[in-house]
Amino acid sequence: MSAIDLNARASSTFAQKLADTQALLQQAAQDYTPRQSGDAPRITLACSLGAEDMVLAHLINNLQLNIGIFVLETGQLHAETLALLERLQASSRAPVQVFKPVQEVAIQFVEREGKDAMYKSIALRKACCGIRKMEPLGRALAGKDAWITGLRREQSGARAEVPSIDRSDAAKVKYNPLADWTWGDVWFYIAQNKVDYNPLHDQFYPSIGCAPCTRAISLGEDFRAGRWWWEDETAKECGLHVKASPLPNIKS
């Protein structure tokens, strides 16, 4: 059974949610119009290539908004994710930028701590995330005034109060246009609009990150149970969406 067959069930208020999301994206694009013609967009979508972000990329392209898209290619993504990235780059009207970790730093980390360092301690796992995600994120957002994510309140307890517009960071406004969407809403949109998606979703991967840190989940498990499943922490995050989270102390 495909992820569409299993999940595509719109909530009763889906039509209004979609209209609100479209309006929010249009307003965000207008508020962050490039200051000069030819300049890069001042607002960008952080696209994980998961179902939610593929919906947002489709909306941005369909509405022809002046919003950029970027992907963090950590060097540890599944083959299916990399193939989806290639398809997105080929089909997207909006420019899709790819940011990778600094190769020397990533290599030195693996040589020093081992390729399975993420399993040894939370500190090492977060250090790996710092190298492969947080540092590239800083480069991706450099010069931007705002960014867009696919965070939803339903995803986890840690995200239960995600606002549609987050102004807690004085430097950059963060938009979460799908904050009130359900998983069923996401897949209903994908089905209705024939949105391309990661085939790993068909294999019971609702949340997809780096290959060593992601597994399929079983019926009844929490939505993010497949991420860093060996850790005991209830709020499992890499740092991308944690407020006031300093970068790990990374040795080069």
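# Exercises: salt bridges and a mixed sheet

At 15% relative accessibility, Arg42 counts as buried, because buried means under 20% relative accessible area, exposed over 50%, and partly exposed in between (1.4 Å probe, protein chains only). Everything here comes from a predicted model, where local features need pLDDT of at least 70, side-chain atom pairs count only at pLDDT 80 or more, and totals for chains, interfaces and linings use all residues. Residues are numbered from 1 along each chain as its sequence is written, and side-chain values use heavy atoms, with hydrogens and water left out.

**Exercise 1. Find the salt-bridge partner of Arg42 and place both residues.**

Step 1: get the criterion straight. A salt bridge is a side-chain nitrogen of Lys or Arg within 4 Å of a carboxyl oxygen of Asp or Glu.

Step 2: look around Arg42. Its side chain meets that of Asp145 at 2.7 Å, N to O.

Step 3: place the two. Arg42 sits in the loop between H2 and E1, and Asp145 in the loop between H6 and E4, 103 residues apart. Those labels are DSSP runs numbered from the N terminus: helices (H or I) have at least four residues, strands (E) at least two.

Step 4: check the accessibility of the partner. Asp145 comes out at 22%, so it counts as partly exposed.

Step 5: widen the view. Arg35 joins Arg42 and Asp145 in a network of salt bridges.

**Exercise 2. Contrast the salt bridges Asp185–Lys17 and Arg139–Glu135 by location and burial.**

Step 1: take the distances. The closest N and O atoms are 2.8 Å apart in the Asp185–Lys17 pair, and for Arg139 with Glu135 the value is 2.8 Å. A search of the whole structure finds eleven salt bridges.

Step 2: locate the first pair. Asp185 is in helix H7 (residues 183-193) and Lys17 in helix H2 (residues 14-31), so they tie together parts 168 residues apart in sequence.

Step 3: locate the second pair. Arg139 and Glu135 both belong to helix H6, four residues apart, about one turn of the helix.

Step 4: compare burial. Asp185 and Lys17 are both buried. Arg139, at 34%, counts as partly exposed, and Glu135 does too, at 30%.

**Exercise 3. Work out the strand order of the sheet and describe the setting of E2.**

Step 1: write down the order. Six strands make an open sheet, E3-E2-E1-E4-E6-E5, with mixed pairing. Here two strands pair if DSSP finds at least two bridges between them.

Step 2: spot the edges. E3 (96-99) and E5 (165-166) each have a single partner strand, so one side of each has no neighbour in the sheet.

Step 3: go through the neighbours of E2. Strand E2 (residues 68-72) pairs with E3 in the parallel sense over four bridges, and with E1, also parallel, over three bridges. Phe70 has Gln97 in E3 as its bridge partner, while Ile69 in E2 stands opposite Leu45.

Step 4: follow the side chains. Gly68, Phe70 and Leu72 point one way from E2, Ile69 and Val71 the other way, and all are buried. With five of its five residues buried, E2 is largely enclosed by the rest of the structure, hence no exposed positions to list.

Step 5: add a helix. Helix H6 (residues 122-141) lies across E1, E2, E3 and E4, at about 160° to E2. That angle is taken between N-to-C directions on a scale from 0 to 180 degrees, with axes fitted to C-alpha atoms, for helices over the stretch in contact. Contact means heavy atoms within 4.5 Å.
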